[in-house]
Amino acid sequence: MVDNGLVPLPRKERLILELLASDGPMYGLQLVEQSDGSLKRGTVYVTLGRMEAKGLVESQQEPVPPGGIGLPRRIYRPSALGERMLRACAAFARELAWEIKT
């Protein structure tokens with residue numbers, strides 16, 4: 001196996017980046033709803049935390065409205081690195097499809 005320094009993007013992380021890039025910033029449960037069952041409520045925040053640690057997404061705590069109760073939501077958006085990774089994955093998929101055709 002050749003180590004070229006590239007790390008593949010796991011399917012769930014790619015899906016999250018695709019959703020955030022196409023639909024804009026969202027909180028975790030919105031991602032679950034938009035994923036058509038591909039993301040589960042119990043793992044989406046673990047995955048988002050891992051992605052934030054890798055620098056693929058950024059988050060910001062939503063302000064609590066006056067009189068609001070409960071914990072404030074965290075809104076996620078792709079980072080510059082996450083957007084580059086997503087573009088690289090798309091380019092790789094196009095290149096691979098082209099290679100298969102020829």
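I'm counting two residues as in contact when they have heavy atoms within 4.5 Å of each other. With that settled, I looked at how far apart in sequence the contacting residues of this predicted model sit. Among contacts in the chain between residues at least 6 apart in sequence, 50% join residues at least 24 apart.

**Entry: the overall layout**

I went through the elements next. I found four helices and three strands in the chain. Reading from the N terminus, I get the order α-β-α-α-β-β-α. The chain has 102 residues, and 27% of them count as buried. I also looked up the surface: the chain exposes about 7200 Å², with carbon and sulfur atoms supplying 58% of that.

**Entry: α1**

I checked the length of α1 against what a helix should give. At 1.5 Å a residue, its 13 residues should span 18 Å, and the end C-alpha atoms are 18 Å apart, so the two agree. Which residues of α1 are buried? My list reads E13, L15, I16, L17, L19 and L20. A general point helps me read such a list: an α-helix has 3.6 residues a turn, so residues three or four places apart point the same way. Just after α1 I noted G24, which takes a positive phi of about 90°.

**Entry: the nonpolar core**

The largest nonpolar core has 17 residues, and I16, L20, L31, L39 and V44 are those with the most contacts inside it. Three elements give two or more residues to this core: α1 (11-23), α2 (28-34) and α3 (41-54). Which of them supplies the largest share? It is α1, with five residues. I then followed L39 outward. Leaving out residues up to four places away in sequence, L39 touches K12, L15, I16, L19, L31, V32 and V44.

**Entry: the loop between α2 and α3**

Two residues in this loop caught my eye, S35 and D36. Are they buried or exposed? S35 is buried, because its relative accessible area of 5% falls under the 20% cut-off. D36 is exposed, because its 73% is over the 50% cut-off. Not counting residues up to four places away in sequence, S35 touches L15 and L19, and both of these are on my list of buried residues in α1. I also wrote down the backbone of D36: its phi is positive, about 55°, although D36 is not a glycine.

**Entry: the sheet**

I turned to the strands. The three of them form an open sheet in the order β1-β3-β2, and the pairing is antiparallel. β1 (26-27) and β2 (57-61) stand at the edges with a single partner strand each, so one side of each has no neighbour in the sheet. How many bridges join β2 and β3? I count five, in the antiparallel sense. One residue I traced across is V57, whose bridge partner in β3 is P78.

**Entry: S79**

Last, I looked up S79, in the loop between β3 (74-78) and α4 (80-101). S79 counts as buried, because its relative accessibility is 5%. Its side chain has a polar atom 3.1 Å from the backbone nitrogen of G82. What else does S79 contact, leaving aside neighbours within four places in sequence? I found G55, L56, V57 and E58. V57 thus turns up twice in my notes, as a contact of S79 and as the bridge partner of P78.

Terms used: Residues numbered from 1 in each chain as written. Predicted model: local features only at pLDDT ≥ 70, side-chain atom pairs only at ≥ 80, totals over all residues. Heavy atoms only, no water. Buried < 20%, exposed > 50% of the residue type's maximum accessible area, 1.4 Å probe, protein only. Polar contact = N/O pair within 3.5 Å; in protein donor to acceptor, adjacent residues only side chain to side chain. Areas by Shrake-Rupley, 256 points an atom, 1.4 Å probe, with all protein chains shown as cover. Core = buried A, V, L, I, M, F, W, Y, C linked by side-chain atoms within 4.5 Å. Expected span 1.5 Å × (residues − 1). Pairing = 2+ DSSP bridges.
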